[in-house]
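These are my notebook entries on a single structure. I set down what I looked up, entry by entry.

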Amino acid sequence: MKRLKRKNTIDIVKELDAFPKVSESYVVTSAFGGTVSLIVFILMALLAISEYFVYQDSWMKYEYKVDTDFTSKLKIKIDITVAMKCERVGADVLDIAGTVIASKELKYDPVSFEPSSQRQMWYQILERIQNRLREERSLQDVLFKSALKGYFSDPVPGNDSESESQNACRIHGQIYVSKVAGNFHITLGKPIETIRGHAHLASLLKNEVYNFSHRIDHLSFGNDVPGHINPLDGTEKITLEQNMLFQYFITVVPTKLHTSNISVDMHQFSVTDRERVVSHEKGSHGVSGIFIKYKLSPLMVRVSEEHMPLSVFLVRLCGIIGGIFSTSDLVHRLIGYFVDIICCRFKLGANQSKEVLAD
């Protein structure tokens with residue numbers, strides 16, 4: 001009785017088989033079927049390999065939220081060369097609260113304004129990268145991932161000009177400011193503090209020739225991230241006018257960069273610029289110099305590196321294999337059906353021709 005019940009159970013399970021087996025004596029192979037199978041296997045292998053590369057790749061995910069950090073200091077790192085001697089210019093920061101960060105934290109080095117051949121080559125490369133960044137926003141994701149993997153260090157070569165004339169001043173260093181709107185400026189004379197407020201001692205330079213042509217090698221806010229290219233890096237402004245006012249309007253966006261390899265707080269920024277000649281006779285008032293006006297965005301961006309989960313990869317791989325098998329089987333059956341119809345009509349036409357000839 002037990003064996004009988006066991007056989008009945010096995011028979012019931014066999015009836016539930018959704019994959020019935022066909023006896024090999026009923027299976028017929030053909031060259032056409034073999035060709036289709038070979039094409040299917042090659043296509044399946046190519047799609048599986050491409051899907052694996054997609055699984056290995058990553059992408060940057062951007063999220064936005066309100067920035068609640070108002071108490072910490074913001075670092076401004078600058079490296080700019082002005083086509084004037086160091087004793088003629090001064091630089092500092094004046095924020096919206098009236099706080100003045102003096103230029104004592106900045107260094108003034110006499111250099112030549114003409115770059116060396118190596119440095120000039122780097123400026124050309126950087127200009128091409130900046131142009132591509134303006135056209136293709138997705139390129140910044142590549143730079144982010146390259147920086148995270150350590151592909152880039154600081155690529156800017158040192159200021160090793162081949163010329164011996166020191167007709168320019170390199171102003172560089174870093175300043176820590178409060179997280180409020182401010183104005184970093186370079187103008188005539190050294191900055192001084194007076195009873196009435198902030199001023200630059202430029203009275204002794206009124207009759208001298210001056211030129212605010214400049215080159216920005218580096219300008220960044222917050223922590224340094226290797227490989228990150230800022231919008232003003234490599235910017236060069238050349239003018240033959242004396243009373244020239246250069247203005248840069250910057251919006252700084254706090255950014256948190258999180259990946260499996262690195263986690264850093266940085267600041268990105270967008271910039272618009274304008275320039276004009278200061279002429280009080282023509283009604284164009286102002287102060288000659290270089291003014292970088294910045295403000296902080298109330299929103300913070302969180303950038304994280306995302307990977308495809310293993311479960312999603314396996315599901316997509318199964319979909320590729322199953323889809324190709326089903327589609328190829330359908331195409332094979334349709335082609336075989338039409339081939340049989342054509343062969344039957346051909347045989348029928350041949351038989352009718354023989355009958356006609358016999359008659």
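**Entry 1: salt bridges**

I began with Glu63 and Lys61, whose side chains meet in a salt bridge at 3.6 Å, N to O. I note that the model is a predicted one. I then looked up the accessibility of both partners. Glu63 has a relative accessibility of 32% and counts as partly exposed. Lys61, at 36% relative accessibility, also counts as partly exposed. I next asked which residues are linked with Lys61 and Glu63 in a network of salt bridges. The network consists of Lys61, Glu63 and Arg302.

I looked up the count of salt bridges for the structure, and the count comes to twelve.

I turned to a second pair, Glu275 and Lys237. Their side chains meet in a salt bridge of 3.6 Å, N to O. This pair links distant parts of the chain, with Glu275 in strand 13 (residues 263–277) and Lys237 in strand 11 (residues 235–237), 38 residues apart. Are these two residues buried or partly exposed? Glu275 has a relative accessible area of 39%, so I record it as partly exposed. Lys237 has a relative accessible area of 17%, which is under the 20% cut-off, and therefore I record it as buried.

**Entry 2: Asp217 and its surroundings**

I looked up Asp217 and found it in strand 10. Its relative accessible area is 5%; the limit for a buried residue is under 20%, so Asp217 is buried.

I then asked which side chain meets that of Asp217 in a salt bridge. The partner is Arg119, at 2.6 Å, N to O. Asp217 lies in strand 10 and Arg119 in helix 3 (residues 117–135), so the pair ties together parts that are 98 residues apart in sequence. I checked burial for the two partners, and both Asp217 and Arg119 are buried.

I also listed polar contacts of the Asp217 side chain. One of 2.6 Å joins the side chains of Asp217 and Arg119. Another, of 2.4 Å, joins the side chains of Asp217 and Tyr123.

For a C-alpha distance I took Asp217 and Arg170. These residues are 47 apart in sequence, and their C-alpha atoms are 9.8 Å apart in space.

**Entry 3: aromatic rings**

I looked up the aromatic pairs and found that the structure holds six. In one of them, Tyr52 and Tyr55 have ring centres 6.5 Å apart and planes at 40°, so the pair is tilted. Both residues lie in helix 2 (residues 31–56), three residues apart, which is about one turn of the helix. Tyr52 has a relative accessible area of 40%, and I therefore enter it as partly exposed.

A further pair is formed by Phe221 and Tyr294, and it is tilted, with 5.7 Å centre to centre and 55° between the planes. Where in the chain do Phe221 and Tyr294 lie? Phe221 is in strand 10 (residues 214–222) and Tyr294 in strand 14 (residues 289–296), 73 residues apart, and the pair links distant parts of the chain. Phe221 and Tyr294 are both buried.

I then checked which rings are linked into a cluster by ring pairs. The cluster comprises Tyr52, Phe53, Tyr55 and Phe313.

I closed this entry with a charge over a ring. The charged end of Arg215 sits over the ring of Phe113, 4.5 Å from the ring centre.

**Entry 4: helix 5**

I looked up Ser328 and found it in helix 5. Ser328 has a relative accessible area of 13%; this is under 20%, so I enter the residue as buried. I then took the C-alpha distance from Ser328 to Val40. The two residues are 288 apart along the chain, and their C-alpha atoms are separated by 6.9 Å.

Leu330 is also placed in helix 5 (residues 310–358). I asked which residues form a nonpolar patch on the surface with Leu330. They are Leu334, Tyr337 and Phe338, and the four residues have about 440 Å² of accessible area together.

Technical notes: Residues are numbered from 1 along each chain as its sequence is written. This is a predicted model: local features need pLDDT of at least 70, side-chain atom pairs count only at pLDDT 80 or more; totals for chains, interfaces and linings use all residues. Side-chain values use heavy atoms; hydrogens and water are left out. Patches are made of residues with over 30% relative accessible area and no salt bridge: like charges are joined within 9 Å, nonpolar side chains (Val, Leu, Ile, Met, Phe, Trp, Tyr) within 5 Å. Accessible areas come from the Shrake-Rupley method with a 1.4 Å probe; for residues, only the protein chains shown count as cover. Helices (H or I, at least four residues) and strands (E, at least two) are DSSP runs, numbered from the N terminus. Rings of Phe, Tyr and Trp (its six-membered ring) pair if their centres lie within 6.5 Å; planes under 30 degrees apart count as stacked, over 60 as edge-to-face and the rest as tilted. Buried means under 20% relative accessible area, exposed over 50%, partly exposed in between (1.4 Å probe, protein chains only). A charge sits over a ring if NZ of Lys or CZ of Arg is within 6 Å of the ring centre and within 35 degrees of the ring normal. A polar contact is a pair of N or O atoms within 3.5 Å; within protein, one must be able to donate a hydrogen and the other to accept it, and residues adjacent in sequence count only if both atoms are side-chain atoms.
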